[in-house]
Number of protein chains: 2
Amino acid sequence: MTIKRKYHHGALKEALVDAALELLAEGGPASLSLSEAAKRVGVTAAAPYRHFASRDDLLNEVARRGFLSFGERIEKAWDEGRPDASTAMWRMCAGYLAFARDEPGLYSAMFGSVATLSAPASAAAADHALEILWRSVVAFLQQRGAPAQGARKLALQVWALAHGVAMLSISGHLDAAKDLDPAHVLDGAIRNLMESAIRRAETARG
Amino acid sequence: MTIKRKYHHGALKEALVDAALELLAEGGPASLSLSEAAKRVGVTAAAPYRHFASRDDLLNEVARRGFLSFGERIEKAWDEGRPDASTAMWRMCAGYLAFARDEPGLYSAMFGSVATLSAPASAAAADHALEILWRSVVAFLQQRGAPAQGARKLALQVWALAHGVAMLSISGHLDAAKDLDPAHVLDGAIRNLMESAIRRAETARG
DNA sequence: ACCTGAACACCGTTCAAGT
DNA sequence: ACCTGAACACCGTTCAAGT
């Protein structure tokens with residue numbers, strides 16, 4: 001009664017995605033190999049091509065799912081702005097950095113590859129994540145009694161800031177600043193950004 | 001009188017670096033191949049190993065030089081804060097984004113690879129680039145009569161912001177915001193960051 | 001000291017053949 | 001419909017041998 005692999009795996013696509021996440025966690029996007037994923041799952045190197053058009057296609061699917069769980073995570077962290085917008089905004093930023101810190105390989109796959117993430121599915125998932133950020137900024141401005149006029153630009157700035165800190169942190173460039181932890185740097189900058197926006201609104205109102 | 005390649009190339013190391021820059025420009029870090037660089041230069045795939053320990057070693061050398069020319073570029077753009085700190089800061093940020101836009105492959109090689117850029121030489125070059133940013137922030141604060149107290153943290157925030165915008169721009173995530181160009185987004189954010197810092201100094205002074 | 005040639009393991013990808 | 005086996009081009013890397 002030896003354990004035999006069935007000829008048909010049954011859930012090969014899911015298994016390959018899981019293996020890809022493993023590889024990403026172990027060595028980043030560079031070590032995501034279709035062959036290695038196939039080997040770990042117990043199929044031939046050619047088998048994945050029934051489910052993915054190419055290596056980049058697999059990477060893209062992984063990135064797409066990454067954006068989805070990323071969006072869920074920061075949405076939960078925002079928690080509809082409870083107990084107040086400032087606290088929730090801080091918590092969301094911390095959640096953003098925590099995701100990048102906990103899954104640097106996945107985060108790099110989502111944002112790192114220049115030409116790879118051209119697929120529309122992945123782009124849509126990324127836009128969804130941005131939208132959550134945008135809604136948070138709008139809610140923040142509303143709670144402070146400011147108009148949501150420049151919210152889109154502000155959301156983009158918040159995103160760029162969080163992304164920049166995350167990437168510099170992942171790549172180790174922030175390690176030189178031993179006394180400054182990433183979350184602290186980001187929090188201070190976000191605070192400045194939001195305060196400036198609110199102040200400008202107040203000044204405009206007279 | 002046929003043109004014959006000398007057995008000894010003479011300047012193989014330099015030639016390989018140049019070829020690597022070409023490959024980087026054509027297809028990003030993923031298409032930087034030691035074999036392809038060797039082929040373009042006209043030597044065997046094994047020849048580069050006299051000059052570079054590995055593919056990553058070549059990539060690292062290219063990144064190191066990238067940081068050097070990047071540092072020169074933003075230093076020139078800053079131009080010692082002429083005619084005034086605000087204008088110079090804007091010009092430096094524009095120069096930062098222009099570098100990333102003109103050489104996306106090189107910029108990605110400099111910042112993108114997570115595990116690759118672990119070499120101390122490359123890290124030192126990166127730190128030097130950050131120092132230029134830091135000096136600019138200090139000069140900005142001085143010209144505005146504010147103390148240079150939080151300059152280091154502020155420089156890190158400026159860097160993260162510029163890096164974030166550059167990366168999002170390179171990876172195409174900013175294209176969704178058709179009406180907002182990267183330089184404009186960055187400029188607005190930097191302005192808010194600096195103004196908040198100055199205002200805080202003024203409040204503290206009473 | 002610097003490069004070639006041959007070799008090996010690995011990877012992406014294709015395709016005819018198996019279940 | 002899904003997977004194997006064999007095949008090809010390509011790449012990183014090593015090493016003995018050539019100049």
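How many salt bridges does the count between chain A and chain B give? The count is zero. The legends below refer to a predicted model.

**View 1. The fold of chain A is built from helices, with eight helices and zero strands.** Along the sequence, the elements of chain A follow the order α-α-α-α-α-α-α-α. A box of roughly 80 × 35 × 35 Å, taken along the principal axes, holds the C-alpha atoms of chain A.

**View 2. The interior of chain A comprises the 49% of its 206 residues that count as buried.** Considering contacts in chain A between residues at least 6 apart in sequence, 67% link residues that are at least 24 apart.

**View 3. The surface of chain A exposes about 10,100 Å².** Carbon and sulfur atoms supply 54% of this exposed area. Chain A carries 24 positive and 23 negative charges, and the mean positions of the two sets lie 3 Å apart.

**View 4. The contact between chain A and chain B takes 38 residues from chain A and 38 residues from chain B.** The size of an interface is often expressed as the accessible area lost when the parts come together. Between chain A and chain B, the buried area is about 3,400 Å², and carbon and sulfur atoms give 67% of that area.

**View 5. Lys153(A), His173(A) and Asn192(A) supply 17% of the area that chain A buries against chain B.** No other three residues supply more of this area. Across the contact between the two chains, the number of salt bridges is zero.

Terms used. Residues are numbered from 1 along each chain as its sequence is written. Chains are lettered from A and ligands numbered from 1 in the order in which they are written. This is a predicted model: local features need pLDDT of at least 70, side-chain atom pairs count only at pLDDT 80 or more; totals for chains, interfaces and linings use all residues. Side-chain values use heavy atoms; hydrogens and water are left out. Helices (H or I, at least four residues) and strands (E, at least two) are DSSP runs, numbered from the N terminus. Buried means under 20% relative accessible area, exposed over 50%, partly exposed in between (1.4 Å probe, protein chains only). Contact means heavy atoms within 4.5 Å. Accessible areas come from the Shrake-Rupley method with a 1.4 Å probe; for residues, only the protein chains shown count as cover. Lys and Arg count as positive and Asp and Glu as negative; His and the chain ends are not counted. The place of a charge is taken as NZ of Lys, CZ of Arg, CG of Asp or CD of Glu. Buried area is the accessible area (1.4 Å probe) that two parts lose on being put together, summed over both. A salt bridge is a side-chain nitrogen of Lys or Arg within 4 Å of a carboxyl oxygen of Asp or Glu.
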